[in-house]
Each structure stands twice: as C-alpha cells, then as structure tokens.
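Me: I'm in my first year and I'd like a close look at one part of this protein. Could you walk me through how the helices and the sheet fit together around one helix?

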Amino acid sequence: MSFEMPVYHHPDFTKEIFVNAPDAKYEAAEKDGVAPEQYHSTSMYPEYFKIDGEWRLAEESRMDSCVVLREDGRLDVVEARNLKKGDRVILGRTEKCEDGIYMHCHGFEEEGEALDDQFVFRQGRSRETSYARDYDKLFDLLRYEKEHGGKVVWVMGPAFAFDADARAAMSSLIDAGYAQALLAGNALATHDLEGALLHTALGQDIYTQKSQPNGHYNHLDVCNKVRRSGSIPQFIKDYDLNDGIICSCVRNNVPIVLAGSIRDDGPLPEVIGDVYEAANAMREQVRGCTTVICLATMLHTIATGNMTPSFRVLEDKTVRPVYLYTVDADEFVVNKLLDRGSLSATTIVTNVQDFITLVAKGLGVMK
C-alpha cells in the first residue's frame with residue numbers, strides 16, 4: 001500500500017452565493033483580551049472571509065478563536081485572551097456566506113461525495129472495531145511524512161514510561177526521525193527518566209513490574225536530581241544516560257513541551273507551571289504540524305485537538321489535511337474529540353503500549 005495525499009478543492013467562488021455575499025464585517029477590540037459582541041468563532045475546518053470583494057482563507061486556524069484582520073490584509077486566528085486593544089475582529093455568526101464567512105468542511109472530498117457543510121457528530125469506535133487498515137494507513141502516512149519533511153507531533157501520557165518495550169519502541173521512532181515534537185506532562189518525563197536511571201517507574205521494575213524496596217522514593221529522587229542538575233539535558237549528561245523517550249528527544253533535538261499540573265511532584269525544571277504559557281508553547285509546536293498522535297491522555301488530547309486545524313497551507317500555497325490520531329484503552333476517551341466536533345480524528349481503542357510497539361515494528365525501527 002502506498003500513501004496518496006488527498007487533493008484539496010477550493011470552493012467555486014464564481015457561484016452566485018459567493019459573488020452576492022457581502023464583505024465580512026469587523027470591529028476593533030476595545031480592550032486587551034476581550035472580543036467585540038458578535039465575534040466570529042473559528043472551527044478546525046478551512047474558513048474563508050470576503051475582504052474587499054475577495055475571498056481569503058485564514059491559513060493558520062484552530063477551534064474556538066477569533067479572526068483578526070491585519071493592516072496588510074492577513075487573517076490571523078487569535079485566542080480571545082491574546083487579543084490586543086484595536087485588533088480588527090471579524091464579526092458574524094453564520095458560515096454559509098450570509099456574513100461574508102464560509103466554512104469549507106469537505107474540501108478533501110471529490111465532487112459528489114460532499115454533504116451540505118455542517119458539523120456532523122458521527123458514531124464513535126469501540127474495542128470491537130477492526131483497526132488493521134488504520135495501522136497500515138498510519139505506517140504509510142508516517143513514511144510519507146518522513147520522506148516529505150512533515151511535522152509529526154506526539155502527545156503522550158505517562159503510560160509509556162511504565163513499560164520497557166513501549167519506551168524502547170518510542171525511542172526507536174524518535175531516533176528514526178518519526179517525531180518532530182513531544183507534548184506531555186511532568187509525569188511522562190519524570191518516570192521515563194526514572195526508567196533510564198533506575199530501571200523503574202513509580203518504583204516498579206519497568207520489565208518485570210515488581211516493586212522495588214523503598215521504590216516509592218525513586219521518582220521523587222529523580223525529580224530532585226534533575227533539579228539539582230538544573231535541566232533535563234544536564235541531568236542526562238551528569239548521569240551518562242542514553243535510554244528511553246526523553247533521552248532520545250534530547251539526543252535528536254526534538255522539542256519537548258511539558259505542561260504542568262496541580263498534582264505534579266517536583267516538578268522537573270522544564271515543566272511550564274503557568275497553564276496559559278504552556279498552552280502557548282503547545283500551540284507553537286502545533287503550528288506547522290501535519291500529523292498529531294495523541295496517546296493515553298484525555299485532557300492533553302482534547303487540548304491539542306482543539307488547537308489543531310484539519311488542514312495545513314504549505315509554502316507553495318497548496319492545502320493538505322492534518323491527520324489526528326487518538327489512542328486509548330478507554331472508548332470514552334478516544335470519542336471525546338468526536339463528541340466535540342473534531343471529525344478529522346481517527347480513533348483507535350487499544351492499550352497504548354501495544355500500539356506503539358506495533359507501530360515501531362510496522363515501520364521496521366524496533367531495536
């Protein structure tokens with residue numbers, strides 16, 4: 001099986017509905033962080049705005065944000081909290097040209113396949129679903145991304161750190177160039193580094209799962225040692241570590257964003273404690289991404305899904321889809337994004353340790 005990138009079809013702006021549509025209206029924000037009344041809220045789909053008689057695509061979109069018309073004519077999608085006084089915010093609550101706004105849900109479908117543009121909540125998937133084709137498509141997609149300079153962002157919960165094979169599989173994928181960013185929390189990094197230093201996670205041997213004497217101190221000791229070193233890279237150097245997910249990221253210069261939690265131990269020096277700073281850092285890594293794979297972390301998955309558009313405008317101005325995968329052993333978790341309207345997500349219900357080892361073996365990189 002070989003991967004074929006779907007062709008994007010722009011709307012036909014010669015149709016009467018587009019020609020007769022009014023220009024989109026805008027209003028200046030009166031204060032920082034506050035949108036005008038009747039602001040337009042964005043989706044993950046391509047959205048076009050009629051400006052001075054010309055339909056323009058907001059190229060870097062995300063859900064639940066405002067559209068700001070810049071002086072040079074650029075359309076920026078901005079979170080409401082990041083609006084500045086004077087920003088010209090697009091107004092309008094309709095999406096079929098009535099307010100000079102058009103949401104294009106089916107741009108990657110061939111003519112005749114598309115439904116009327118709308119959010120359609122589809123049925124979720126279960127542990128009884130067959131995922132063989134999904135795995136084959138994912139293998140082909142990841143090979144395509146590597147060969148064509150795509151950006152694959154992995155969003156990971158701490159479950160990987162508790163299993164030796166899962167750590168080895170993810171490390172192999174990073175070393176082989178299948179990861180361009182990692183979004184996680186304090187726990188994933190702490191327990192992965194615990195595995196590298198002590199071969200345990202939460203005090204249990206990462207292969208035998210046997211609890212070690214006084215093992216409940218292990219992750220706390222690792223946090224303390226990393227803080228003493230001053231940074232994760234320095235800790236890795238100080239203790240001559242080369243094992244696991246975080247070591248592979250550091251070795252391959254893969255950016256890591258660790259978002260803090262109210263329950264964090266330590267935390268590690270790189271953990272971002274301010275939730276909005278963490279969101280901004282995550283958003284920076286999502287910008288430019290072409291595939292996102294979310295694994296065993298419900299809140300991180302929802303957060304990342306909400307800031308990820310369903311499309312990407314490349315440097316040559318062609319438009320391609322952004323692929324979003326969400327994997328968890330719990331059907332409720334993987335279907336959360338679908339319930340929130342993120343219809344571009346492919347969901348797989350399985351143990352994530354099994355998933356990552358299958359992916360690494362499927363791509364032929366398992367050490």
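Reply: Here is a walk around helix H11, the sheet beside its partners, and a few other places to look at afterwards.

A word on the model before we start: it is a predicted one. The protein averages a pLDDT of 92, and 92% of the residues score at least 70. One stretch to treat with care is residues 118-123, where pLDDT stays under 50.

Now find helix H11, which covers residues 352-362. Two packed helices are described by the angle between their axes and the distance between the axes. Let's use that description for two partners of H11, taking H3 and then H2.

Helix H3 (residues 164-175) packs with H11 at an angle of about 40 degrees, and their axes are 8 Å apart. That angle makes H3 oblique to H11. The crossing of H3 past H11 is left-handed. On the H3 side, the contact is made by Asp165, Ala166, Ala169, Met170 and Leu173, while H11 brings Gln353, Ile356, Thr357, Val359 and Ala360. Sorted by class, this contact of H3 with H11 has seven nonpolar, two polar and one charged residues.

Next comes helix H2 (residues 132-147), which packs with H11 at about 55 degrees, with the axes 10 Å apart. H2 and H11 are therefore oblique to each other. Here the crossing is right-handed. Tyr135, Leu138, Phe139, Leu142 and Arg143 of H2 meet Phe355, Leu358, Val359 and Gly362 of H11. By class, the contact of H2 with H11 has seven nonpolar, one polar and one charged residues. Look for Val359 on your screen: this H11 residue takes part in the contact with H3 and also meets H2.

From H2 we can step over to the sheet. H2 lies across strand E8 (152-156), strand E13 (291-295), E16 and E17, and runs at about 130 degrees to E16. Those strands belong to an open sheet of six, in the order E12-E9-E8-E13-E16-E17, with parallel pairing. Its edge strands are E12 and strand E17 (345-349), each pairing on one side only. Neighbouring strands are turned by 15 degrees against each other on average, direction ignored.

Strands of a sheet pair through backbone hydrogen bonds, either parallel or antiparallel. To see one pair up close, take strand E16 (residues 323-328) and E17, which pair in the parallel sense over five bridges. Leu324 has Ala345 of E17 as its bridge partner. Towards the other edge of the drawing order, helix H4 (residues 186-198) lies across E8, strand E9 (181-185) and E12, running at about 100 degrees to E9.

The edge strand E12 also leads to a backbone detail. Pro267 sits in the loop between strand E12 (256-259) and helix H8 (275-286). The peptide bond from Gly266 to Pro267 is cis, with omega near -15 degrees.

For another sheet to set beside this one, look at the three strands in the order E3-E2-E7, an open sheet with antiparallel pairing. Strand E3 (54-57) and strand E7 (101-103) are its edges, and the twist averages 25 degrees from one strand to the next. Three bridges join strand E2 (residues 47-51) to E7, and Glu47 has Met103 as its bridge partner in E7. In the loop between E2 and E3 you will find Asp52, whose phi is near 50 degrees, a positive value in a residue other than glycine.

Definitions and conventions:
Residues numbered from 1 in each chain as written. Predicted model: local features only at pLDDT ≥ 70, side-chain atom pairs only at ≥ 80, totals over all residues. Heavy atoms only, no water. Axes fitted to C-alpha atoms, helices over the stretch in contact; angles between N-to-C directions. Helix = DSSP H or I, 4+ residues; strand = E, 2+ residues; numbered from the N terminus. Parallel < 35°, antiparallel > 145°, perpendicular 65-115°, else oblique. Left-handed = near helix turned anticlockwise from the far one by under 90°. Contact = heavy atoms within 4.5 Å. Nonpolar A, V, L, I, M, F, W, Y, C, P; charged D, E, K, R; others polar. pLDDT = per-residue confidence, 0-100. Pairing = 2+ DSSP bridges.
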